[in-house]
Amino acid sequence: MSRKIIGLVLALAMLLSCLSGVALAAEEPVTITWYGVGGASDHQARVNEAASKYLQSKGLNVNLEYISVGWGDYMQNYQVMLAAGEAFDLFNAQGNTVMQFAKNGGVAEITDEMMDTLLPGVKAVAPAHVVEALKMDGKNWMVPSMHEWAQYYGFSLINLDIVDALGLDLSTVKSLDDLDPIFEKVHAAYPDVYCIQPCDLKEIAMLLYNIGPANHLENTCVGLDTKSDDKDFFSFFENEKVVSILRKYAEWGKKGYVVPLDRKNDANALQAEGKIFCNLGRFKPGTGAQSTNAVVRYGDMKWDEDAAPIMGMKDAPAGWVTALSNTSKNKELALQVLNLFYTEPTLETILTMGEEGVDYTVADDGFVDFVDGGFANGVFANRNWQIGNSALLPVSRGYADLGLTDIWQVQADFNNSAVALESAGFFFDTENVDIEMAALVNVYDEFSGILFCGVADDFDATLNQFVEKLKANGLQTVLDECNRQYDEFLANKAK
């Protein structure tokens, strides 16, 4: 072979080698960014790497970057990212939050074709009535996280260590007044423990009187009696049943039972430290197990043992979901990644519990024990109900110790027994009353802490001042718009 031909062959070989290098570079993994809510972990980068390797083994050439945002920051973070057009792919939030973001153009529609081709795992396991309740204007904007679809209403958390130490009989508790002798004993024996968290009125009103606020938040200042024949929303803070709850908190506040206003923002931390006896509201099977830690043991209790769980406007659409950001540059790939969290137990477990042998171990009895200082210790309480399909997870020791050795079957039975209220799926869109809503929220913020912590010097005078300010700032306009939308919702639902 001539020297010239040899040179050409070598040049061609080098060219092919370069082209091959270009092709390989083009196949670098695509990063899919997913934001969730809850405490961050120092082990997250390692866990993300493990999840990425698993995804790649399933044929998806991606690197998963899961980022935790704190409970106090997530709403603002999402709003800033979406408003700035920051590129990210998936995020977890309450359904009502996603609906509002969708109205503002921040959320990508998940078409029926996408559901069929990219999310077959979601379609296979998510109940059709739940998916339907999450629609807005007939379109899919989110997929449900596979957890509970409804809630019981009763003690969401109660300190079992104190219950046992004082021999308290909680079977007699059927009303707020029945808590008075319980709190008196707790306060006398544990003066450094608050008897109860500040009032979460949207929870307690539903617990006692089936009164739910529109759009999940009581700061809309309008509410609905979900079991009344009257289908109209009313002025929330003028309702005599709602007022009776606030009046009881005023009594408790004067006795030192309620977390005070200057510690209101510390309530979750106090609860984790065992410094709060109970927290009233909604709960699900396993709430106590999720909140139990090395310091305090929590349980949950129903006020009415015969009451069925319910799914209303604050449960189905406001339950935690996953949405696709409109800023995502890899929408189809992101949904393919999401889909695997509904079908692959190993993947769901990695992002929720970490790596076996490093973050958790599986005992001979089949239950999972978390390694001290490992990934699961910091994130499991928030992750296991927030992302993907929780029924794929192995059962943790916390559930087993509370007798919930078959927690996922218990959860399935709970979901199947839930009663869907007529309001399930309703979303109050405040776009037409944004100015009035902004004014009402300012008034609400001015008075709610005082009333919810029971620290008003003159309860009636404070409440009257609150209500008059609401009326002066557009309450009736908001109420009329809410009722107009609800009438339209019911009419469409009847078709």
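Visitor: Leaving aside its neighbours within four places in sequence, which residues is D232 in contact with?

Guide: This is a predicted model, in which local features need pLDDT of at least 70 and side-chain atom pairs count only at pLDDT 80 or more, while totals for chains, interfaces and linings use all residues. Residues are numbered from 1 along each chain as its sequence is written, and side-chain values use heavy atoms, with hydrogens and water left out. D232 is placed in the loop between β8 and β9, where helices (H or I, at least four residues) and strands (E, at least two) are DSSP runs numbered from the N terminus. Taking contact to mean heavy atoms within 4.5 Å, and leaving aside neighbours within four places in sequence, D232 is in contact with G223, L224 and N483.

Visitor: Does D232 count as buried, partly exposed or exposed, and on what value?

Guide: The classes rest on relative accessible area, with buried meaning under 20%, exposed over 50% and partly exposed in between (1.4 Å probe, protein chains only). D232 counts as partly exposed because its relative accessibility is 37%.

Visitor: How far apart are the C-alpha atoms of D232 and C482?

Guide: C482 is one of the buried residues of α21, whereas D232 belongs to the loop between β8 and β9. These two residues are 250 residues apart along the chain, yet their C-alpha atoms are separated by 8.9 Å.

Visitor: What distance lies between the end C-alpha atoms of α21, and what span should its residues give?

Guide: The expected span of a helix is 1.5 Å times one less than its number of residues. For the 20 residues of α21, the expected span is therefore 28 Å, and this agrees with the distance between its end C-alpha atoms, which is 29 Å.

Visitor: Which elements are included in what covers the buried residues of α21?

Guide: The buried residues of this helix include L475, V478, L479, Y486, F489 and L490. Their cover includes two strands and two helices, namely β8 (222–225), β9 (234–235), α19 (434–452) and α20 (459–472).

Visitor: Which residues does T462 touch, not counting residues up to four places away in sequence?

Guide: T462 lies in helix α20, and it counts as buried because its relative accessible area is 14%. Not counting residues up to four places away in sequence, T462 touches F447, I450, L451 and A456.

Visitor: Which helix gives the most to the lining of the second largest pocket?

Guide: A pocket is found on a 1 Å grid over the protein atoms alone, as an open set of points where a 1.4 Å probe fits, with protein on both sides within 12 Å along at least five of seven lines, and its lining residues have an atom within 4 Å of a point. The second largest pocket is lined by 26 residues, of which K135, M136, D137, G425 and F489 lie nearest its centre. At least two lining residues come from each of α4 (95–103), α7 (128–133) and α21 (475–494). With seven residues, the helix that gives the most to this lining is α21.

Visitor: What is the volume of the second largest pocket?

Guide: Grid points are joined across faces, edges and corners, and a volume is the space filled by probe spheres set on the points. On that basis, the second largest pocket has a volume of about 710 Å³.

Visitor: Which four residues touch the most other members of the largest nonpolar core?

Guide: A nonpolar core is a set of buried Ala, Val, Leu, Ile, Met, Phe, Trp, Tyr and Cys residues joined through side-chain atoms within 4.5 Å. Among the 70 residues of the largest such core, the four that touch the most other members are W34, L64, Y78 and F91.

Visitor: Which helix supplies the largest share of this core?

Guide: One of the core's residues, L64, touches V337, among others, when residues up to four places away in sequence are not counted. The largest share of the core, six residues, comes from the helix spanning residues 331–340, which is α14.

Visitor: What is the phi of C221?

Guide: C221 is found in the loop between β7 and β8, and it counts as buried because its relative accessible area is 0%. Most residues other than glycine have a negative phi. In C221, a residue other than glycine, phi is positive and near 65 degrees.
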